[in-house]
Amino acid sequence: MAQRLHLVFGGELVDPSRSEFKDTDDIHIVGMFPDYESAYNAWKSEAQRTVDNAHMRYFIAHIHRLRDEEREASSTEELG
């Protein structure tokens with residue numbers, strides 16, 4: 001079974017109503033997680049830790065959705 005990788009990251013936004021980071025050099029990478037449940041727990045922990053700052057937001061990126069596991073890898077994917 002393929003892993004369903006998830007990336008949790010966040011940072012301060014320019015405006016709380018948009019998803020534009022104030023400083024992309026200051027994005028906090030929480031980590032990569034092997035399933036949604038562990039990613040959600042990490043996201044929730046960071047979101048609760050920063051709840052007093054309305055401009056801070058954390059996100060879960062579904063990395064497994066970015067690639068089709070059934071297709072051959074491109075030549076750039078095979079370099080690593």
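**Entry 1: layout**

I began with the order of elements, and from the N terminus on I read β-β-α-β along the protein chain, that is, one helix and three strands in its secondary structure. I note at the outset that this is a predicted model, so I looked up the confidence before going further: the mean pLDDT of the protein chain is 87, and 80% of its residues reach 70 or more. Among the elements, strand β2 (residues 28-33) has the highest mean pLDDT, 97, while strand β3 (residues 56-62) has the lowest, 95. I keep in mind that predicted coordinates should not be read in detail where pLDDT is low.

**Entry 2: the sheet**

I next asked in which order the strands lie in the sheet. The three strands form an open sheet in the order β2-β1-β3, with antiparallel pairing. Because β2 and β3 stand at the edges with a single partner strand each, one side of each is left without a neighbour in the sheet. From one strand to the next I find a twist that averages 15°.

I then followed the pairing of β1 with its two partners. Strand β1 (residues 6-12) is joined to β2 in the antiparallel sense over five bridges, and to β3, again antiparallel, by seven bridges. On the β2 side I located Gly-10, whose bridge partner is His-28, and Leu-7, which stands opposite Met-32. On the β3 side I found His-6 opposite His-62. I also checked how covered β1 is, and six of its seven residues turn out to be buried, whereas buried residues make up 21% of the 80 residues in the protein chain.

**Entry 3: long-range contacts**

I looked up how far apart in sequence the contacting residues are, and among contacts in the protein chain between residues at least 6 apart, 59% join residues at least 24 apart.

**Entry 4: Glu-46 in the helix**

I turned to Glu-46, which is found in helix α1, and asked whether this residue is buried or exposed. Glu-46 counts as buried because its relative accessibility is 13%, which falls under the 20% cut-off. Leaving aside residues up to four places away in sequence, I see Glu-46 touching His-28, Val-30 and Tyr-58. His-28 is the residue I had already met as the bridge partner of Gly-10. I also recorded a polar contact of 2.6 Å between the side chains of Glu-46 and Arg-49.

**Entry 5: aromatic rings**

How many aromatic pairs does a search of the whole structure find? The search returns five. One that I looked at closely is formed by Tyr-40 and Trp-43, with 5.4 Å centre to centre and 35° between the planes, and this pair is tilted. I can follow that label, because planes under 30 degrees apart would count as stacked and planes over 60 as edge-to-face. Tyr-40 and Trp-43 both lie in helix α1 (residues 36-49), three residues apart, about one turn of the helix.

I then looked up the accessibility of the two residues. Tyr-40 is partly exposed, with a relative accessible area of 33%, and Trp-43 is partly exposed as well, at 25%; I accept both labels because the two values lie between the limits of 20% and 50%. Finally, I noted that Phe-9, Phe-21 and Phe-59 form one aromatic cluster.

How values were computed: Residues numbered from 1 in each chain as written. Heavy atoms only, no water. Phe/Tyr/Trp six-rings, centres within 6.5 Å; stacked < 30°, edge-to-face > 60°. Helix = DSSP H or I, 4+ residues; strand = E, 2+ residues; numbered from the N terminus. Buried < 20%, exposed > 50% of the residue type's maximum accessible area, 1.4 Å probe, protein only. pLDDT = per-residue confidence, 0-100. Polar contact = N/O pair within 3.5 Å; in protein donor to acceptor, adjacent residues only side chain to side chain. Contact = heavy atoms within 4.5 Å. Pairing = 2+ DSSP bridges. Axes fitted to C-alpha atoms, helices over the stretch in contact; angles between N-to-C directions.
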